[in-house]
Amino acid sequence: RRSSDLHRLEIRTARSSGAGGQNVNKVNSKVDVRFNVQSADWLTEEVKQRLHEDFSAHINKEGEFVLTCQESRTQSHNLDLCIDKLEAILDDASTPKKERKWKAPVESEHQRKIRIEQKRARSQRKESRRGSLD
């Protein structure tokens, strides 16, 4: 599945920040995976809409969805991580949101009577602590 989909993505590499020792200044281990959301014919309109709604922080002014990975010291591992993240995001965007139903809290008559009795007992206990003001 991955190798057939990679041609649809623009993959850029750059020098990574962070761990890597002397290697960090020589190797382009950071990976940027990007694609234009509107021109992606392999995405449904619903998925495109969900990407704009839920993942707008990943979409730049040109309408490109940009995902960056630089956790690993190797370019190939960062590419794998990026593809995994992208697959997870697209899976999340392709599953429809569940409609939330509001349900009124259910309190039985027996529970209500117990609660009222406890409030009455607590009130009497506090009342008994008060001294007379005479």
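# A tour from Asn 78 through helices H3 and H2

Begin by selecting Asn 78 and showing what surrounds it: leaving aside its neighbours within four places in sequence, Asn 78 is in contact with Ser 29, Lys 30, Val 31, Cys 69, Gln 70, Glu 71 and Ser 72. The model on the screen is a predicted one, and Asn 78 sits in its helix H3. With a relative accessibility of 0%, Asn 78 counts as buried, since that term applies under 20%.

Before going further, display the whole protein as a cartoon and follow the chain from its N terminus, where the elements run in the order α-β-β-α-β-α-α, which comes to four helices and three strands. If you colour the protein by accessibility, buried residues make up 25% of its 134 residues. Among the contacts with a separation of 6 or more, 55% are between residues 24 or more positions apart.

Next, select helix H3, residues 75–94, and measure from one end to the other in the viewer. At 1.5 Å a residue, the 20 residues of this helix should span 28 Å, and the end C-alpha atoms are 28 Å apart, which agrees with that expectation. Now show the side chains of Asn 78, Cys 82, Ile 83, Leu 86, Ile 89, Leu 90 and Ala 93, which are the buried residues of H3. If you turn the view to look down the axis of H3, these buried residues fall within an arc of 135°, so they line one face of the helix.

Two further residues of H3 are useful stops. His 77 belongs to this helix and, at 39% relative accessibility, counts as partly exposed; select it together with Ser 29, which is 48 residues away along the chain, and you will find their C-alpha atoms separated by 8.8 Å. Ile 83, also in H3, counts as buried at 6% relative accessibility. Add Leu 6 to the selection, for although Ile 83 and Leu 6 are 77 residues apart in sequence, the distance from C-alpha to C-alpha is 8.8 Å.

Now move to helix H2, residues 45–54, and show Val 47, Lys 48, Arg 50 and Leu 51, which are buried there. Seen down the axis of H2, these buried residues fall within an arc of 160°, so they too line one face of their helix. On the face turned away from this buried side, select Glu 45 and Glu 46, which are exposed. To see what the buried residues of H2 pack against, add strand S2 (30–36), strand S3 (64–69) and helix H3 to the display.

Finally, keep H2 and H3 on the screen together. Two packed helices are described by the angle between their axes and the distance between the axes. Here the axes of H2 and H3 come within 8 Å and cross at roughly 110°, and the two helices are therefore roughly perpendicular to each other. Where they touch, Val 47, Arg 50 and Leu 51 in H2 meet Ile 89, Leu 90, Asp 92, Ala 93 and Ser 94 in H3. Colour this contact by residue class, and you will see five nonpolar, one polar and two charged residues. Several residues in this contact have appeared earlier in the tour, including Ile 89, Leu 90 and Ala 93, which are among the buried residues of H3, and Val 47, Arg 50 and Leu 51, which are among those of H2.

Technical notes
Residues numbered from 1 in each chain as written. Predicted model: local features only at pLDDT ≥ 70, side-chain atom pairs only at ≥ 80, totals over all residues. Heavy atoms only, no water. Expected span 1.5 Å × (residues − 1). Buried < 20%, exposed > 50% of the residue type's maximum accessible area, 1.4 Å probe, protein only. Arc of directions from axis to C-beta. Axes fitted to C-alpha atoms, helices over the stretch in contact; angles between N-to-C directions. Parallel < 35°, antiparallel > 145°, perpendicular 65-115°, else oblique. Contact = heavy atoms within 4.5 Å. Nonpolar A, V, L, I, M, F, W, Y, C, P; charged D, E, K, R; others polar.
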